[in-house]
Amino acid sequence: MNTTKVTYIPQGSIGQIITYLEQKEFYLSPSVDKYMLFFIGRPQSGWINIGETRLSRGDFLYKLANSKAAMNSITLVPGETIDVFLYQISQEYQLSYKKLMNYYLKFSPIRDGLIIPETYHIPMGIGERHLILYLINYAWENHKKTSMKIFGEFTKNSWYRYLTIASIVQKEAANKEEMPLVSSVVYNRLKKGMKLQMDGTLNYGKFSHIKVTPKRIREDKSKYNTYKNKGLPKYPVSSVSKEAIFAAIFPKKTNYLYFVKSKKGGHVFSKTYKQHLRNIAKLKNR
């Protein structure tokens, strides 16, 4: 038999597992191999490290019943971009960054913000395509579940907009408590037709950890540059936490239009530009 070194075994009966593997083009016989597995042992669900790409049917069935894949973990933190995350994966698992990114762009409906920020336990030996499909499918299920819990439905375009706002909130807020306040500033400025003018939107993609300078603002011609463009960026800027999503959906009701970072790590919010300038002056003098 020809096989991949690592494959996934779903939960279910032996018959269901054989049927699943048949659908994945493992040429097995439900009428024969099902009973062979009864004698050899029940396959464990999860990632299986076959270890070889060509072996006999008997050896393959034995591997199904007795092998587990070696796992490793990698964490996507809230606010990180897909470019940086996939590069980290490529280094950790000796995979091709180019292939990972190509598959992600092929299968993901949005440029960033889809993958759920958390710790993933990934089998060693998994390929680029299989890994990306796993991350994207997992993300879809989580986004749908969250949307259904809040709205009772899942509408893609509306959810993408919330993810975009949430990504800005994620980049700008100093802590979880500030998120609904930052979200209110985003909505208030959009409602008034003002440019968002937020540095965090320029920390997209490969610029995730690059300091935003006046020179960078002048030279960046992308849709992410909210100093030059009105409205929201076309895509989310980064990965987003559930707290940021909730803040995007349920912003605090305020009249705030401005905020400036204080020396204590948080932000000082204001309703008018005049007050905003006074806040900046006060902070400089401290």
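User: Is the crossing of helix 1 and helix 2 left-handed or right-handed?

Analyst: Helices are DSSP runs of H or I with at least four residues, strands are E runs of at least two, and both are numbered from the N terminus. A crossing is left-handed if the near helix is turned anticlockwise from the far one by less than a right angle, and right-handed if clockwise. For helix 1 and helix 2, the crossing is right-handed.

User: Thanks! Before we go on, which atoms do the side-chain values use?

Analyst: Residues are numbered from 1 along each chain as its sequence is written. This is a predicted model, where local features need pLDDT of at least 70, side-chain atom pairs count only at pLDDT 80 or more, and totals for chains, interfaces and linings use all residues; with hydrogens and water left out, side-chain values use heavy atoms.

User: How is helix 1 oriented to helix 2?

Analyst: Axes are lines fitted to C-alpha atoms, for helices over the stretch in contact, and angles run from 0 to 180 degrees between N-to-C directions. Helix 1 (residues 14-23) and helix 2 (residues 30-40) pack with their axes 10 Å apart, at an angle of about 130°. Angles under 35 degrees count as roughly parallel, over 145 as roughly antiparallel, 65 to 115 as roughly perpendicular and the rest as oblique. Helix 1 is therefore, relative to helix 2, oblique.

User: And how many charged residues are in the contact of helix 1 with helix 2?

Analyst: Helix 1 brings Ile 14, Gly 15, Ile 18 and Glu 22, while helix 2 brings Pro 30, Asp 33, Lys 34, Leu 37 and Phe 38, contact meaning heavy atoms within 4.5 Å. Ala, Val, Leu, Ile, Met, Phe, Trp, Tyr, Cys and Pro count as nonpolar, Asp, Glu, Lys and Arg as charged, and the others, Gly among them, as polar. The split is five nonpolar, one polar and, for the charged class, three.

User: Let's move along the chain. How far apart are the axes of helix 8 and helix 10?

Analyst: Helix 8 passes helix 10 in a right-handed crossing. The two helices are oblique to each other. Helix 8 covers residues 179-191 and helix 10 residues 242-249; they pack at an angle of about 45°, and their axes lie apart by 8 Å.

User: How many nonpolar residues does the contact of helix 8 with helix 10 have?

Analyst: From helix 8, Met 179, Pro 180, Ser 183 and Tyr 187 meet Glu 243, Ala 244, Ala 247 and Ala 248 of helix 10. By class, one residue is polar and one is charged, and the number of nonpolar residues is six.

User: What is the relative accessible area of Ser 183?

Analyst: Ser 183 sits in helix 8. Beyond residues up to four places away in sequence, Ser 183 touches Ile 165, Val 169, Ala 247, Ala 248 and Pro 251. Buried means under 20% relative accessible area, exposed over 50%, and partly exposed in between (1.4 Å probe, protein chains only). Ser 183 is buried, at 0%.

User: Which helix gives the most to the largest nonpolar core?

Analyst: A nonpolar core is a set of buried Ala, Val, Leu, Ile, Met, Phe, Trp, Tyr and Cys residues joined through side-chain atoms within 4.5 Å. The largest one has 56 residues, of which Phe 85, Leu 86, Ile 89, Tyr 104, Ile 115 and Leu 131 touch the most other members. Elements supplying at least two residues each include helix 4 (82-93), strand 4 (119-123) and helix 6 (128-151). With eight residues, the top contributor is helix 7.

User: How many residues are in the second, separate core?

Analyst: Staying with Tyr 104 for a moment, its contacts beyond four places in sequence include Ile 82, Leu 86, Ile 115 and Ile 136. The second core is separate and includes Phe 26, Ile 48, Phe 60 and Leu 61; its residues number 14.

User: How far apart in space are Tyr 204 and Gly 79?

Analyst: Tyr 204 lies in the loop between helix 8 and helix 9 (214-219), and Tyr 204 is buried at a relative accessible area of 14%. Among the residues it touches are Thr 81, Arg 216 and Val 237. Tyr 204 and Gly 79 are 125 residues apart in sequence, yet their C-alpha to C-alpha distance is 9.6 Å.

User: What is the relative accessibility of Gln 94?

Analyst: Most residues other than glycine have a negative phi. Gln 94 has a positive phi of about 55° and is placed in the loop between helix 4 and helix 5. Gln 94 counts as exposed, at 62%.
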